Amino acid sequence: MHTTITAATAADMRALGTHLANHMHGGEVILLSGPLGAGKTTFAQGFGAGLGIREPIVSPTFTIARELNGHFANGTPAHLIHVDAYRLGGTDYAPGQDSVNRLLDELESLGLDEELEEPGTHTVILMEWGEQMAAALADERLEVHIDRPLDTMVPETARAGLPVDPTSAGDRIVTLTPVGPYWNQFMHDLPDMPTMGKRQA
């Protein structure tokens with residue numbers, strides 16, 4: 001079962017990130033995906049705020065991973081590993097090497113393989129562009145996908161059968177998909193956000 005939430009503004013996206021972070025306890029892996037400009041970094045900023053992180057949350061594209069310290073809602077220390085997987089897992093495989101093994105090799109070279117497979121009790125992993133990593137990660141994870149609305153102001157494009165580009169305006173649709181018993185129970189127990197639409201599918 002997955003949950004879809006409408007985020008009408010950047011503030012809503014940050015609030016969603018904060019709401020989820022307020023219910024973290026440590027040991028969680030969250031995969032964050034969506035097209036460019038969908039609001040992944042905005043979500044991550046709210047998530048960092050929810051963990052009491054004072055440092056700015058920016059896209060870690062050029063560093064692959066950033067490690068930040070804050071605290072959980074109960075006051076215990078929180079360690080956030082914010083990963084950008086966009087440049088991981090290229091197509092230049094060695095003979096007989098599949099995509100999963102290639103990704104695991106790259107994670108190992110970065111020192112992230114053990115963290116991702118079994119985060120520490122005070123650690124939360126937030127991985128952007130994480131959908132390509134799903135097969136290489138632990139069975140327990142929350143997949144967060146953000147969709148940008150399509151530009152409906154160009155009807156001639158649609159009539160011509162041409163692709164319709166996403167637009168920076170309009171609501172974002174966030175789909176939360178729990179994988180594994182822990183996350184299924186987490187989503188079952190997660191209180192609804194009072195200011196945002198939520199529906200089960």
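Here are some friendly notes on the fold, the strand pairing, one helix and the main pocket of this structure, which is a predicted model.

1. **Overall make-up.** Let's start with the whole chain. Its secondary structure comes to six helices and eight strands. Following the sequence from start to end, you will meet them in the order β-α-β-α-β-β-α-α-β-β-α-β-α-β. The chain has 201 residues, and 43% of them count as buried.

2. **Strand S7 and its partners.** Strand S7 (residues 172–179) is a good place to begin with the pairing. Strand S1 (residues 3–7) runs antiparallel to S7, and five bridges join the two. If you want one contact to find on screen, take Thr-4, whose bridge partner in S7 is Thr-175. S7 also pairs with strand S6 (residues 141–147), again in the antiparallel sense, over seven bridges. Here Glu-143 stands opposite Thr-177 of S7, and Val-144 stands opposite Leu-176 of S7.

3. **From S6 on to S2.** Strand S6 has a further partner in strand S2 (residues 28–33); this pairing is parallel and has four bridges. Val-144 is a handy residue to follow across the strands: Leu-32 stands opposite Val-144 of S6, while Val-144 in turn stands opposite Leu-176 in S7. As a reminder when you look at such neighbours, side chains in a regular strand alternate between the two faces of the sheet.

4. **Aromatic residues in helix H6.** The count of aromatic pairs in the model comes to four. One of them is formed by Trp-183 and Phe-186, with an edge-to-face arrangement, 4.8 Å centre to centre and 70 degrees between the planes. Both residues belong to helix H6 (residues 181–189), where they are three residues apart, about one turn of the helix. Tyr-182 joins Trp-183 and Phe-186 in one aromatic cluster.

5. **The two sides of H6.** Which residues of H6 are buried? They are Trp-183, Phe-186 and Met-187. Seen down the axis of H6, these buried residues fall within an arc of 90 degrees, so they line one face of the helix. Trp-183 has a relative accessible area of 1%, and Phe-186 has 10%; both count as buried because the cut-off is under 20%. On the face turned away from the buried side, H6 carries the exposed residues Pro-181 and His-188.

6. **The largest pocket.** For anyone browsing for openings, the largest pocket has a volume of about 190 Å³. Its lining is made by 13 residues, and those closest to the pocket centre are Leu-36, Lys-40, Thr-41, Glu-128 and Trp-129. Helix H2 (residues 40–50) gives the most to this lining, with three residues. By class, the lining has six polar, four nonpolar and three charged residues.

7. **His-71 and Leu-51.** A last spot to visit is His-71, in strand S3 (residues 65–71). Is His-71 buried or partly exposed? Its relative accessible area is 39%, so His-71 is partly exposed, a class that runs between the 20% and 50% limits. His-71 and Leu-51 are 20 residues apart along the chain, yet their C-alpha atoms are separated by 5.3 Å.

How values were computed
Residues are numbered from 1 along each chain as its sequence is written. This is a predicted model: local features need pLDDT of at least 70, side-chain atom pairs count only at pLDDT 80 or more; totals for chains, interfaces and linings use all residues. Side-chain values use heavy atoms; hydrogens and water are left out. On a 1 Å grid over the protein atoms alone, a cavity is a set of points where a 1.4 Å probe fits but cannot get out, and a pocket is an open set with protein on both sides within 12 Å along at least five of seven lines; lining residues have an atom within 4 Å of a point. Grid points are joined across faces, edges and corners, and a volume is the space filled by probe spheres set on the points. Ala, Val, Leu, Ile, Met, Phe, Trp, Tyr, Cys and Pro count as nonpolar, Asp, Glu, Lys and Arg as charged, and the others, Gly among them, as polar. Two strands pair if DSSP finds at least two bridges between them. Rings of Phe, Tyr and Trp (its six-membered ring) pair if their centres lie within 6.5 Å; planes under 30 degrees apart count as stacked, over 60 as edge-to-face and the rest as tilted. Buried means under 20% relative accessible area, exposed over 50%, partly exposed in between (1.4 Å probe, protein chains only). The arc is that of the directions from the helix axis to the C-beta atoms.
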